[in-house]
Amino acid sequence: MFSLSEKHPGADEQQSMIEAVNGIRTRGCYCGRRYMEPVPPVQWNEKLYTSALSQAKDMYKNNFFAHYSHDGLNIGQRLERVGYNWMVAGENLGEGQMSFDEVMSDWKRSYSHCTMLMHPRVTEMGVAKVDKYWVQHFGKQMPLKNP
């Protein structure tokens with residue numbers, strides 16, 4: 001499973017992470033005491049991976065753990081910085097887990113992380129790990145405008 005520092009996940013690792021997330025999304029699950037109905041699957045997005053990697057590197061380099069970058073940018077601003085024209089955006093963070101399976105287990109047990117995993121409007125995701133920091137970015141892009 002994907003767990004090496006700053007290693008870009010290969011196609012098999014990406015597929016494994018997508019399958020783990022979509023397994024929960026397509027079955028539905030309890031987030032705390034609230035049942036979340038099944039939602040459509042997500043697919044991998046390289047820009048979401050790039051933004052997640054940037055946040056993971058920032059947290060590692062500057063020794064902090066937060067949903068804002070060290071210079072104060074929120075998830076939407078960070079997605080815009082990598083050229084992701086978002087309509088819906090979200091972020092899960094983890095610290096200290098050794099594998100994607102372990103961080104997913106922790107996210108499923110956390111109400112706010114679980115509801116992000118089950119957000120019905122997101123269609124894409126990317127996941128990055130740098131040292132002990134995990135960042136999962138979710139999004140849905142703005143529709144393209146017809147000329």
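This report walks through a helix, a buried glutamate and a group of aromatic rings in a predicted model.

## Helix α2 and its ends

Let's start with helix α2, which covers residues 46-62. From first C-alpha to last, its 17 residues reach 24 Å, close to the 24 Å expected at 1.5 Å a residue.

At the N-terminal end, the cap comes from N45: one of its side-chain oxygens sits 2.8 Å from the backbone nitrogen of K47. Past the other end of the helix comes N63, which has a positive phi, near 50 degrees.

## What α2 packs against

Which residues of α2 are buried? The list runs L48, Y49, S51, A52, L53, Q55, A56, D58 and M59. If you're scanning that list for a pattern, here's the background: an α-helix has 3.6 residues a turn, so residues three or four places apart point the same way.

The buried residues of α2 have several partners. On the strand side they pack against β3 (43-44), β4 (86-95), β5 (124-130) and β6 (133-141). Helix α3 (75-81) is on the list of partners too.

## E91, a glutamate in β4

Now have a look at E91, which is in strand β4. Is E91 buried or exposed? Its relative accessibility is 10%, and because the cut-off for buried is under 20%, E91 counts as buried.

The E91 side chain has polar company. One polar contact, at 2.8 Å, goes to the side chain of H67, and another, also 2.8 Å, joins E91 to the side chain of R78. H67 and R78 both turn up again among the residues in contact with E91 once its neighbours within four places in sequence are left aside. The rest of that set is Q55, I75, M116, V135, Q136 and H137. Q55 brings us back to α2, where it is one of the buried residues.

## Aromatic rings

The model has five aromatic pairs. One of them is F100 with W134, a tilted pair with 6.1 Å between ring centres and 55 degrees between the planes. This pair links distant parts of the chain: F100 belongs to helix α4 (residues 100-109) and W134 to strand β6, 34 residues apart.

How much relative accessible area does F100 have? The value is 0%, so F100 is buried. W134 is buried as well, with its relative accessible area at 0%. There's a further ring to add here: ring pairs link W107 with F100 and W134 into a cluster. Strand β6, home to W134, is also among the elements that the buried residues of α2 pack against.

Terms used: Residues numbered from 1 in each chain as written. Predicted model: local features only at pLDDT ≥ 70, side-chain atom pairs only at ≥ 80, totals over all residues. Heavy atoms only, no water. Helix = DSSP H or I, 4+ residues; strand = E, 2+ residues; numbered from the N terminus. Expected span 1.5 Å × (residues − 1). Buried < 20%, exposed > 50% of the residue type's maximum accessible area, 1.4 Å probe, protein only. Contact = heavy atoms within 4.5 Å. Polar contact = N/O pair within 3.5 Å; in protein donor to acceptor, adjacent residues only side chain to side chain. Phe/Tyr/Trp six-rings, centres within 6.5 Å; stacked < 30°, edge-to-face > 60°.
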